[in-house]
Amino acid sequence: GGRVVTAELEASEIDWEFVAGRATRAWGYNGQVPGPVLEARVGDVLEVRLKNSLPEPTMIHWHGLRLLPPMDGTENVQRPVAPGESFTSRFALPDAGIFWYHPHLNETVQLEMGLYGVLIIRGADEPELDAERVLVLDDVALDEEGQIAPPGGWIERHDGRQGAVRLVNGRQEPEFTVAAGQVERWRIVYASSARYVPLSIGDRPFHILGTDGGLIPAPVQATEVLLTPADRIDLAVGPFEEGET
């Protein structure tokens, strides 16, 4: 009884400024890092066509979603999408929450190069706040020429690595503005492969609305939350005073 929500994603090589003023050869969906935020509602069917314009095979894994195995985007259940080919994923959306998409083929390299994005599925009982942001936290290891360094052996390929350049929505430690007196909903995806982050907001209290499993029964106040690789967290942040940093 839901809608069919369609999207087109092209995985390709791009020039991206992780660090302002310095171009890095990266990989992105639709020419950006992270890829576009996909949105739908519980009961909808999501239909995403992936075009692979990379020099190697890839696929999309839908992280955290309950779906049928042939759409899960892993080598165990799906044939990799070869360069120049396309594949359409189609599945129903039974659960609300914050999810994300990324490759599950050579993922140590492809994730580090910038292939990831967010999927928001809204339910019937969504909290209504003044504004909403989607924040993807990550880190990347750049060499002296500002290019993404290749993995350093089998340990990094297996365990991931901590990059020195910390990213929010694909940019090195950007600043943004929050309207004074308002409470915002921050939907956060943690895309790092190895780093653990104790997330705080200037030691100010915030409220946890949900986690990887969706909304929790009642908001929980905190001043810090530990993020580990692939975590998602749903927060109510603010209000702040005018001029506050």
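**Sheets, pockets and buried side chains in the predicted model**

Strands E1 and E2 form a hairpin in which two residues separate the strands, and Gly-21, located in the turn, has a positive phi of about 85°. The model described here is a predicted one. Within the hairpin, strand E1 (residues 4-19) and strand E2 (residues 22-29) are paired in the antiparallel sense, and seven bridges join them. One of the residue pairs involved is formed by Ser-12 and Gly-28, the latter being the bridge partner of Ser-12 in E2.

An open sheet of four strands, with mixed pairing, follows the order E3-E8-E7-E5. Its edges are occupied by strand E3 (38-41) and strand E5 (61-63), each of which pairs on one side only. When direction is ignored, neighbouring strands of this sheet are turned against each other by 25° on average. The edge strand E3 runs parallel to strand E8 (residues 117-122), to which it is joined by four bridges, and Leu-38 has Leu-119 in E8 as its bridge partner. Strand E7 of this sheet contains Trp-100, a residue that counts as buried at a relative accessibility of 4%, which lies under the limit of 20%. A contrast between sequence and space is found for Trp-100 and Ala-230, which are 130 residues apart in sequence, whereas their C-alpha atoms are 8.7 Å apart in space.

A second open sheet, also of mixed pairing, comprises seven strands in the order E11-E10-E9-E12-E17-E14-E15. Because strand E11 (171-172) and strand E15 (214-222) stand at the edges and have a single partner strand each, one side of each is left without a neighbour in the sheet. Strand E9 (residues 131-140) and strand E12 (residues 184-190) run parallel and are joined by seven bridges; across this pairing, Arg-133 stands opposite Trp-186 in E12. Strand E12 also holds Arg-185, which is buried, its relative accessible area being 3%. The side chain of this buried arginine, Arg-185, makes a polar contact with the side chain of Glu-126, at 2.7 Å.

Strands E9 and E12 also contribute to the largest pocket, in whose lining E9, strand E10 (165-168), E12 and strand E13 (197-199) are each represented by at least two residues. The space in this largest pocket amounts to about 1,200 Å³. Its lining consists of 32 residues, among which Pro-174, Phe-176, Trp-186, Ser-200 and Ile-201 are the closest to the centre of the pocket. Trp-186 is thus found both opposite Arg-133 in the pairing of strands and among the lining residues closest to the centre of the largest pocket. The largest share of this lining, four residues, comes from E9. Sorted by class, the lining of the largest pocket has 17 nonpolar residues, together with five polar and 10 charged residues.

The second largest pocket holds about 330 Å³ of space. Two or more residues of its lining are given by each of the elements strand E7 (97-102), helix H1 (107-112), E9 and helix H2 (154-159). Of these elements, H1 gives the most, with four residues. The lining of this second largest pocket counts 20 residues in total, and those lying nearest its centre are Glu-107, Thr-108, Leu-111, Ser-192 and Ser-193. By class, this lining is made up of six nonpolar, eight polar and six charged residues.

In addition to these pockets, the structure holds one cavity of 30 Å³ or more, and the space that lies in the largest cavity is about 40 Å³. Its lining is provided by Thr-108, Glu-112, Pro-151, Glu-156, Gly-160, Arg-161 and Ser-193. By class, one of the residues lining the largest cavity is nonpolar, three are polar and three are charged. Thr-108 and Ser-193 appear in the lining of the largest cavity and also among the residues nearest the centre of the second largest pocket.

How values were computed. Residues are numbered from 1 along each chain as its sequence is written. This is a predicted model: local features need pLDDT of at least 70, side-chain atom pairs count only at pLDDT 80 or more; totals for chains, interfaces and linings use all residues. Side-chain values use heavy atoms; hydrogens and water are left out. Two strands pair if DSSP finds at least two bridges between them. On a 1 Å grid over the protein atoms alone, a cavity is a set of points where a 1.4 Å probe fits but cannot get out, and a pocket is an open set with protein on both sides within 12 Å along at least five of seven lines; lining residues have an atom within 4 Å of a point. Grid points are joined across faces, edges and corners, and a volume is the space filled by probe spheres set on the points. Ala, Val, Leu, Ile, Met, Phe, Trp, Tyr, Cys and Pro count as nonpolar, Asp, Glu, Lys and Arg as charged, and the others, Gly among them, as polar. Axes are lines fitted to C-alpha atoms, for helices over the stretch in contact, and angles run from 0 to 180 degrees between N-to-C directions. Buried means under 20% relative accessible area, exposed over 50%, partly exposed in between (1.4 Å probe, protein chains only). A polar contact is a pair of N or O atoms within 3.5 Å; within protein, one must be able to donate a hydrogen and the other to accept it, and residues adjacent in sequence count only if both atoms are side-chain atoms.
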